[in-house]
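These are my notebook entries on a structure that I am reading for the first time. I set down what I looked up, entry by entry.

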Amino acid sequence: MHGEPVWDVDPEEHAAQLDTVLELTEPESTVLDLGAGSGRIAVPLAEAGRIVIAVDRDGEALAALGERAPDVRRYEVDVLDPSVPLVPPDSGVIDAAVCVGNTFALIREPSSAASLLRRLRPLMAPGAVFAIDDFPLAGWAELIEGNWQSGVSDDGEMQLVWSAHENLFAVRTGEAIDPECWELMPDDAVMRLWTLGELELLGMLTGFSPPEAPDGSSLVLMRAAEHRDVR
């Protein structure tokens, strides 16, 4: 994926996301964590009795996860690489999948997101939930309120730069701030502020229901359709 997230999930948001995934699954359910990192979600899910498959391209992060939760099955792979399996062999049916910590926002091309979901859908049980952060709601709400305008923050510690053509943006901090440059550059960690409409279209193309956002969950959910065959 392109770069790394530029902010962390706060404790309240983390708790809400974890509680929602636990409510949606049962002990011994198999949960796939895409972009698991060092295990913010994977470790407490495993501690709560879920069978967790943690997928990430960062081998060091997965190693740190393994030290915290040896029972978590770790799989080092770039989830956007269609040439490799999305999960390890003999993983069984996936009862829920999560892609949180702003990871889905790093998928800036809709075609890449569609490819990922198209590969994910056949692995999932009908009705199983795919969960991402609720930035399609929270991010746009902040934008409408005027909190995401292009500019340098009053304290000079952050610069927000938007694409002129798409809902793509980057947040620059530290030495990366350049008040003379308002174009997205190759070194920027570019992210996509997905819309609910875009996610609904992705679901239609890949076998998932329209997105829903339960109150207080800090998640957007898409459910696997009854039929697995997607063209």
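Entry 1, a pair of strands. I looked up the bridge partner of Ile94 in β5 and found Met124. I note that the model is a predicted one. Ile94 opens the range of strand β4, which covers residues 94–99, while strand β5 covers residues 124–133. I recorded five bridges between β4 and β5, and the two strands run parallel.

Entry 2, the sheet around this pair. I then asked in what order the strands of this open sheet follow one another. The order is β3-β2-β1-β4-β5-β10, six strands with mixed pairing. At the edges I found β3 (73–76) and β10 (219–223), each of which pairs on one side only. I also took down the turn between neighbouring strands of this sheet, which is 20° on average with direction ignored. Helix α1, residues 11–24, packs on the sheet and touches β4, β5 and β10. The direction of α1 makes about 25° with that of β10.

Entry 3, a residue of the helix. I chose Leu22, which has its place in helix α1. Is Leu22 buried, partly exposed or exposed? Its relative accessibility is 24%, and because buried requires under 20% and exposed over 50%, Leu22 counts as partly exposed. Not counting residues up to four places away in sequence, I found that Leu22 touches Leu45, Ala48 and Arg50. I also looked up Val9, which lies 13 residues from Leu22 in sequence and 18 Å from Leu22 in space, C-alpha to C-alpha.

Entry 4, another sheet. I listed an open sheet of four strands in the order β6-β7-β8-β9, with antiparallel pairing. Its edge strands are β6 (151–152) and β9 (191–192), and each pairs on one side only. Strand β7 spans residues 158–162; two bridges join it to β6, and the two run antiparallel. For Val152 I found the bridge partner Gln159 in β7.

Entry 5, two packed helices. At what angle do helix α4 (residues 110–120) and helix α6 (residues 196–206) pack? I recorded about 45°, with the axes 9 Å apart. An angle of that size makes α4 oblique to α6, because it falls neither under 35 degrees nor within 65 to 115. The crossing of α4 and α6 is right-handed. On the α4 side I listed Pro110, Ala113, Ala114, Leu117 and Arg118 as making the contact, and on the α6 side Leu202, Leu205 and Thr206. By class, the residues of this contact divide into six nonpolar, one polar and one charged.

Key
Residues numbered from 1 in each chain as written. Predicted model: local features only at pLDDT ≥ 70, side-chain atom pairs only at ≥ 80, totals over all residues. Heavy atoms only, no water. Axes fitted to C-alpha atoms, helices over the stretch in contact; angles between N-to-C directions. Parallel < 35°, antiparallel > 145°, perpendicular 65-115°, else oblique. Left-handed = near helix turned anticlockwise from the far one by under 90°. Contact = heavy atoms within 4.5 Å. Nonpolar A, V, L, I, M, F, W, Y, C, P; charged D, E, K, R; others polar. Pairing = 2+ DSSP bridges. Buried < 20%, exposed > 50% of the residue type's maximum accessible area, 1.4 Å probe, protein only.
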